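I am keeping these notes while I look through a structure that is new to me. The entries follow the order in which I looked things up.

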Amino acid sequence: MSQKASHIADIRRDYRMAALDEVMAGDDPLMLFTTWFSEAETAEIEEVNAMVLATCDAEGKPHARIVLLKGLDAKGFIFFTNYHSAKGREIAANPNASLVFFWKELERQVRIEGKIEQVTAAESDAYFRSRPAESRLGAWASAQSSPISDRQVLEDNFHKYQQQFGEDIPRPDHWGGYRLVATRIEFWQGRSNRMHDRIRFNQTGNSWKKERLAP
Ligand SMILES: Cc1cc2nc3c(=O)[nH]c(=O)nc-3n(C[C@H](O)[C@H](O)[C@H](O)COP(=O)(O)O)c2cc1C
């Protein structure tokens, strides 16, 4: 192994900040997620709402990328993107998906699995309106995930739509929100000696069943 690679193998950290037990976890994983999210905000974690979104294409091949959590309600976890992007096409072919948060400052990971659905046009409109004008123009200018010859294509598109719309930039039909409706949520709290705490909730009918997993 090269010197660089062997150095990577030596990177390790012991986790000692906190614990998670069955009582602390409670009976409602969305409530526990909300608590952990607020604690991550209080800890001033940067990009606290950044999460890995994993989807599968029609052939079952997985693809993962970061997106930003933009809402959480009783139904699920909301993010916004281009419906014609690679992820949009994957979700259309296979709605099963998963999200991962890693809040390293709190030695915590949350894994969420379920099915993705589109949010309503009204929900997408409301969020789109709240975005800065430049971001709204960006949604028009970028055919997300399509190969382009160079950066100039993007800049030209941006200016074209800026001229076309002026101040009043509508939401493109191909841009909007998705909601992941969770059926399984796992909370991981790092512990000493790799003896981590893992509590997983599985949805059964209208309620959640809780189990502890070996780390
Ligand atoms: C911190 C961060 C936040 C991001 N947030 C979003 C987002 O909310 N929506 C989005 O479409 N892409 C977001 N991206 C870009 C995606 O990771 C990805 O490059 C893009 O969505 C295209 O993915 P796809 O080709 O798999 O569809 C973000 C990237 C980073 C690094």
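**Entry 1: terms and overall size.** I take a helix to be a DSSP run of H or I with at least four residues, and I number helices from the N terminus. The model is predicted. I looked up the secondary structure of the protein chain and found seven helices and nine strands. Along the principal axes, the C-alpha atoms fill a box of roughly 60 × 55 × 40 Å. The chain has 215 residues, of which 22% count as buried. I also looked at contacts with a separation of 6 or more, and 62% of them join residues 24 or more positions apart.

**Entry 2: helices H3 and H7.** I checked two helices for their span. H3 covers residues 29–42. Its 14 residues reach 20 Å from the first C-alpha to the last, close to the 20 Å expected at 1.5 Å a residue. Just after H3, Glu44 takes a positive phi of about 60°. Helix H7, residues 151–165, has 15 residues and spans 22 Å between its first and last C-alpha, close to the expected 21 Å. Gly166, just after H7, has a positive phi of about 60°.

**Entry 3: Ser38.** I picked one residue in H3, Ser38. Is Ser38 buried or exposed? I counted 11 other C-beta atoms within 10 Å of Ser38, and 12 or fewer counts as exposed, so Ser38 is exposed. I then compared Ser38 with Arg198: they are 160 residues apart in sequence, and their C-alpha atoms are 20 Å apart in space.

**Entry 4: strand S1 and its partners.** S1 runs over residues 50–56, and its side chains alternate. Met51, Leu53 and Thr55 point to one face and are buried. Ala50, Val52, Ala54 and Cys56 point to the other face and are not buried. S1 pairs with S2 in the antiparallel sense, over seven bridges. In that pairing I found Ala50 opposite Leu68 of S2. S1 and S2 form a hairpin with five residues between them, and Gly60 in the turn has a positive phi of about 85°. S1 also pairs with strand S5, residues 96–103, in the antiparallel sense over four bridges. There Ala54 stands opposite Ser98 in S5.

**Entry 5: strand S7 and its partners.** Next I went to S7, residues 175–189. Eleven of its 15 residues are buried, so I note it as mostly covered. I looked up which strands pair with S7. S4 does, antiparallel, over six bridges. One pair of bridge partners here is Phe80 and Gly177, the latter in S7. Strand S6, residues 108–118, runs antiparallel to S7 and is joined to it by eleven bridges. I noted Gln118 opposite Tyr178 of S7. S7 also pairs with strand S8, residues 197–204, in the antiparallel sense over six bridges. In this case Ile185 stands opposite Phe201 in S8.

**Entry 6: nonpolar cores.** In soluble globular proteins, nonpolar side chains tend to be buried together. I therefore looked for nonpolar cores here, and the largest one has 24 residues. The residues with the most contacts inside this core are Leu99, Ile112, Tyr178, Leu180 and Phe187. S1, S4, S5, S6, S7 and S8 each supply at least two residues of the core. The largest share, six residues, comes from S7. I looked more closely at Ile112. Leaving aside its neighbours within four places in sequence, Ile112 is in contact with Phe77, Ser98, Leu99, Leu180, Ala182 and Ile185. I also found a second, separate core of five residues, including Leu137, Ala139, Trp140 and Trp175.

**Entry 7: the ligand.** Last, I looked at what surrounds the ligand. Which of the 15 residues around the ligand come nearest? They are Thr81, Ser85, Ala86, Lys87 and Ser145. By class, the shell has seven nonpolar, five polar and three charged residues. Strand S2 (62–68), strand S4 (77–82) and helix H4 (86–93) each supply at least two residues of it. The largest share of the shell, five residues, comes from S2. I had already met S2 as the hairpin partner of S1, and S4 as a partner of S7.

Terms used: Residues are numbered from 1 along each chain as its sequence is written. This is a predicted model: local features need pLDDT of at least 70, side-chain atom pairs count only at pLDDT 80 or more; totals for chains, interfaces and linings use all residues. A residue is buried if 20 or more other C-beta atoms lie within 10 Å of its own, exposed if 12 or fewer, and partly exposed in between; C-beta atoms are placed from the backbone. Two residues are in contact if their C-beta atoms, placed from the backbone, lie within 7 Å. A residue is near a molecule or strand if its C-beta atom, placed from the backbone, lies within 6 Å of it. Ala, Val, Leu, Ile, Met, Phe, Trp, Tyr, Cys and Pro count as nonpolar, Asp, Glu, Lys and Arg as charged, and the others, Gly among them, as polar. Two strands pair if DSSP finds at least two bridges between them. A nonpolar core is a set of buried Ala, Val, Leu, Ile, Met, Phe, Trp, Tyr and Cys residues joined through C-beta atoms within 7 Å. The expected span of a helix is 1.5 Å times one less than its number of residues.
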